[in-house]
Structures are given as structure tokens and as C-alpha cells.
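Visitor: Could you take me through one part of this structure in close detail? I would like to see how a single helix sits among its surroundings, and then what lies around it.

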Amino acid sequence: MKKSIIVSILLLSTSLFSMEHKKHNMQEMNHQNHEMNNTQNVNSDIPKDVKCPVCGMFVAKYANWAATIKTDKETFYFDGVKDMMKFYFEPTKYSKDSNTKDSSIFVTDYYTLEQIDAKNAFYVVGSNVMGPMGNELIPFKDENSAKEFSKDHMGKKILKFEEITLESLPKHH
């Protein structure tokens, strides 16, 4: 009797481990698909030679992470939301005569890879998914997608655009 209980417990724990491992592998595959699709350049209007004004990286290389700020004078391209927000809060630190207050701002939804209005997006902070510059604000067009991602990738919180401050941006690379 004791043997059959022990065998049953071992089989159950092995099955649970296998299910959790499969779930983790599926999450990892989704993240790898996001990276692999990077070569498709979903944001094909990004000039190949344009660099992020904050970090200097080539933005087209990381098109699936791309964000833009369009002012009445110029369009600025960024390799992620974090750098875009640094520019948004301190534009004159990175460019002369830049006013971001009346600009159009777009980010790339992590799941759909669509360009979405940054001011209506939901951002996951503190997840285990890294962008081109390390820790990143991960954008989503709807709150349910942000919640699902946050749960699957250990996100610490979800913010709306107006809740983001320079101090709330991820610090580590």
C-alpha cells in the first residue's frame, strides 16, 4: 500500500513538473518568435541608418521594439519605450528645439507588433523580458494583454502613459 502511494505521488509530481516545463517552453517560444520576427521589419518606414537619439543604436535593427515621436518639425525613432520616454521627459537633452508636448507618439505592441498610440497603451514594468537596452517598458494596446503578459513574465506593475515618470523608468540594462 505504501509503495503504491509513493509511486502515485512520484507520478503526479513528474506530471506536474512536465506540465510546468511545457508552459515555460511555450512562453520562451513566444518570446523567441518576437525576436525572430525582428528580421521582418514590421516598422518598414524606419530608415535603415537612423539612430536612437538617446543611446545611439540603429533602430531598424530592433524594429519590433521601435517607438516614435513625431513633432511638427521632425520624427524621432527609438529602439524601445524606455529611451523614448527619456527623450519625452527631457527632449532638449537629446535634441535642440524639440517640443514633445503636442507630438504624435507611437509604440509597438509586444504581441501584435502593431504601431499603437502610446498615450492609450498599457505598459508592463519589471518583467523578465529584456528589450534591446535591457529592462524595458513592454507596451500593449489593451489591458488584458498587459495583464496576461505580466502574469506570464513576472511583471511588477502595469502603467498607463500618464502614470510613467522619469523616475519610474527601468534603470538597469
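Guide: Happy to! We need one cut-off before we start: a residue counts as buried when its relative accessible area is under 20%, and as exposed when that area is over 50%. Please keep in mind that this is a predicted model.

Let's look at helix H2, which covers residues 81-89. Seven of the nine residues of H2 are buried by that cut-off, so the helix is largely enclosed by the rest of the structure. The buried ones are Val81, Lys82, Asp83, Met84, Met85, Phe87 and Tyr88. For the chain as a whole, which has 173 residues, 42% count as buried.

Asp83 is a good residue to zoom in on. It belongs to H2, and because its relative accessibility is 2%, under the 20% cut-off, it counts as buried. Leaving aside residues up to four places away in sequence, Asp83 touches Cys52, Val54, Cys55, Phe78 and Met133. One of these partners, Phe78, sits in strand S2, which spans residues 75-78.

That brings us to the strands. S2 pairs with strand S1 (residues 67-70) in the antiparallel sense, over four bridges. The two strands form a hairpin, with four residues between them. If you want to find the pairing on screen, look for Lys70, whose bridge partner in S2 is Thr75. S1 also has a second neighbour: four bridges join S1 to strand S3 (residues 104-108), and these two run antiparallel as well. Here you can look for Thr68, which stands opposite Phe106 in S3.

Val81, another buried residue of H2, leads us to an internal space. Rolling a probe the size of a water molecule over the atoms shows where empty space is left. In this model, a search of the whole structure finds one cavity of 30 Å³ or more. Its volume is about 50 Å³. Eleven residues line this cavity, and the closest to its centre are Asn64, Trp65, Val81, Thr108 and Pro139. By class, the lining has six nonpolar, four polar and one charged residues. Two of those central names tie the cavity to strands: Thr108 falls within S3 (residues 104-108), and Pro139 falls within strand S8 (residues 138-140).

S8 is worth following a little further. It pairs with strand S5 (residues 122-125) in the antiparallel sense, over three bridges, and the bridge partner of Val124 in S8 is Ile138. S5 is also joined by four bridges to strand S9 (residues 157-160), again running antiparallel. In that pairing, Tyr123 stands opposite Leu159. The side chains of S5 alternate: Phe122 and Val124 point one way, Tyr123 and Val125 point the other way, and all of them are buried.

Now back to the helices. Helix H3 covers residues 91-94, and Pro91 is found in it. With a relative accessible area of 12%, Pro91 is buried. Not counting residues up to four places away in sequence, Pro91 touches Ser98 and Thr100. You can also locate Lys101 from here: it is ten residues from Pro91 along the chain, and the C-alpha atoms of the two are separated by 10.0 Å.

Two loop residues deserve a look for their backbone angles. Leu113, in the loop between S3 and strand S4 (115-117), has a phi near 65°, a positive value in a residue other than glycine. Met154, in the loop between helix H4 (143-152) and S9, also has a positive phi, of about 55°, although it is not a glycine. Their surroundings can be told apart by accessibility: Leu113 counts as buried at 14%, whereas Met154 is exposed, with a relative accessible area of 58%.

Finally, let's step back to the whole chain. It has four helices and nine strands, and read along the sequence they follow the pattern α-β-β-α-α-β-β-β-β-β-β-α-β. Among contacts between residues at least 6 apart in sequence, 59% join residues at least 24 apart. The accessible surface of the chain comes to about 10,300 Å², and 55% of that belongs to carbon and sulfur atoms.

Technical notes: Residues numbered from 1 in each chain as written. Predicted model: local features only at pLDDT ≥ 70, side-chain atom pairs only at ≥ 80, totals over all residues. Heavy atoms only, no water. 1 Å grid on protein atoms, 1.4 Å probe; cavity = no way out; pocket = protein on both sides within 12 Å on 5 of 7 lines; lining within 4 Å. Points joined across faces, edges and corners; volume = space filled by probe spheres on them. Nonpolar A, V, L, I, M, F, W, Y, C, P; charged D, E, K, R; others polar. Pairing = 2+ DSSP bridges. Buried < 20%, exposed > 50% of the residue type's maximum accessible area, 1.4 Å probe, protein only. Contact = heavy atoms within 4.5 Å. Areas by Shrake-Rupley, 256 points an atom, 1.4 Å probe, with all protein chains shown as cover.
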